[in-house]
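Reader: Please take me through the buried interior of this predicted model. I would like a close look, with the surface for contrast.

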Amino acid sequence: MTLFDVPWRGIDRLGQPLELREAGRRDAARYLEHIALIVAETPFMLQSAADPLPDIAEQKDILEEYARRENCVCIVAARPGPPPGKQPIIGSITLVGGRGRRTAHAADLSMGVNRVAWGRGIGGVLLDAVLTWARASPMLRRVSLSVYSENRVAAALYRSRGFAEEGALRRYAKWDGRYDDLIGMGVAVGGPDA
Ligand SMILES: CC(C)(COP(=O)(O)OP(=O)(O)OC[C@H]1O[C@@H](n2cnc3c(N)ncnc32)[C@H](O)[C@@H]1OP(=O)(O)O)[C@@H](O)C(=O)NCCC(=O)NCCS
């Protein structure tokens, strides 16, 4: 198990400086630019490039809500540099915990890295950081995600961090007129009752 507390500063696999930090309201515009880019660059997000994104005011509220709720977090990756905290976001990972008493211990994970930065270890560092956060959480006991059956790179990354495949959601997603299955994955985190 790798520990990565945020904020974190280090280098990526190619030696370029990298910082990870929790996102807040001030990140809304750059976060939306990052999400708009990744949904256009890869078919492996549930959201398509044609789907509307929140506007900046809505995104500010969403990021503030994640920062406020104990079972949610959004961690972003950026190149450090002046002005501090104002560099483009190149990767993100989000946990959204359940709202009700019966699901507050379980959080859904989503993540993405800008294509230009793939293969440099940034996805791995983001996942280590969010799992470190989840394991330290007094509330969370489970992290869940779903991944396209064809997204072998992401599925291998999740398996390498302890996620197990838990079942297939047949024909859950449709792209370019054809259906694909989503694979449900999960990992237990935290607490003596985990
Ligand atoms: C999946 C994703 C987040 C991985 O991010 P990344 O920064 O490229 O990940 P890393 O560089 O940390 O690589 C993770 C692992 O995948 C491997 N990998 C990366 N790109 C690869 C490729 N094109 N082919 C094969 N393996 C690859 C790496 O070698 C690494 O394995 P290792 O740690 O054993 O060396 C990124 O590819 C992405 O954003 N994809 C599109 C969106 C997506 O699929 N999101 C997940 C939805 S469930």
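Author: Contact here means heavy atoms within 4.5 Å. With that in hand, start at Asp27. Leaving aside neighbours within four places in sequence, Asp27 is in contact with Arg21, Glu22, Leu63, Gly85 and Ile89. Asp27 sits in the loop between β2 (17-22) and α1 (28-41). Its relative accessible area is 0%. Buried means under 20%, so Asp27 counts as buried.

Now the nonpolar interior. The largest nonpolar core has 35 residues. Leu109, Tyr158 and Phe163 have the most contacts inside it. Several elements give two or more residues to this core: β2, β3 (72-78), β4 (89-97), β5 (106-113), α3 (122-136), β6 (142-148), α4 (152-160) and β8 (178-188). Helix α3 gives the most, with eight residues.

Take Tyr158 more closely. Not counting residues up to four places away in sequence, Tyr158 touches Leu109, Met111, Leu127, Leu145, Val147, Phe163 and Met185. Two of these partners, Leu109 and Phe163, are themselves named with Tyr158 for the most contacts inside the core.

Another core lies apart from this one. It has 13 residues, among them Tyr31, Ile35, Leu63 and Cys74. Leu63 also appears among the contacts of Asp27.

The surface gives the contrast. Tyr172 is placed in strand β7 (residues 164-175). Its relative accessible area is 52%. Exposed means over 50%, so Tyr172 counts as exposed. Together with Leu46 and Leu169, Tyr172 forms a nonpolar patch on the surface. The accessible area of the three together is about 320 Å².

Terms used: Residues are numbered from 1 along each chain as its sequence is written. This is a predicted model: local features need pLDDT of at least 70, side-chain atom pairs count only at pLDDT 80 or more; totals for chains, interfaces and linings use all residues. Side-chain values use heavy atoms; hydrogens and water are left out. Patches are made of residues with over 30% relative accessible area and no salt bridge: like charges are joined within 9 Å, nonpolar side chains (Val, Leu, Ile, Met, Phe, Trp, Tyr) within 5 Å. Accessible areas come from the Shrake-Rupley method with a 1.4 Å probe; for residues, only the protein chains shown count as cover. A salt bridge is a side-chain nitrogen of Lys or Arg within 4 Å of a carboxyl oxygen of Asp or Glu. Helices (H or I, at least four residues) and strands (E, at least two) are DSSP runs, numbered from the N terminus. Buried means under 20% relative accessible area, exposed over 50%, partly exposed in between (1.4 Å probe, protein chains only). A nonpolar core is a set of buried Ala, Val, Leu, Ile, Met, Phe, Trp, Tyr and Cys residues joined through side-chain atoms within 4.5 Å.
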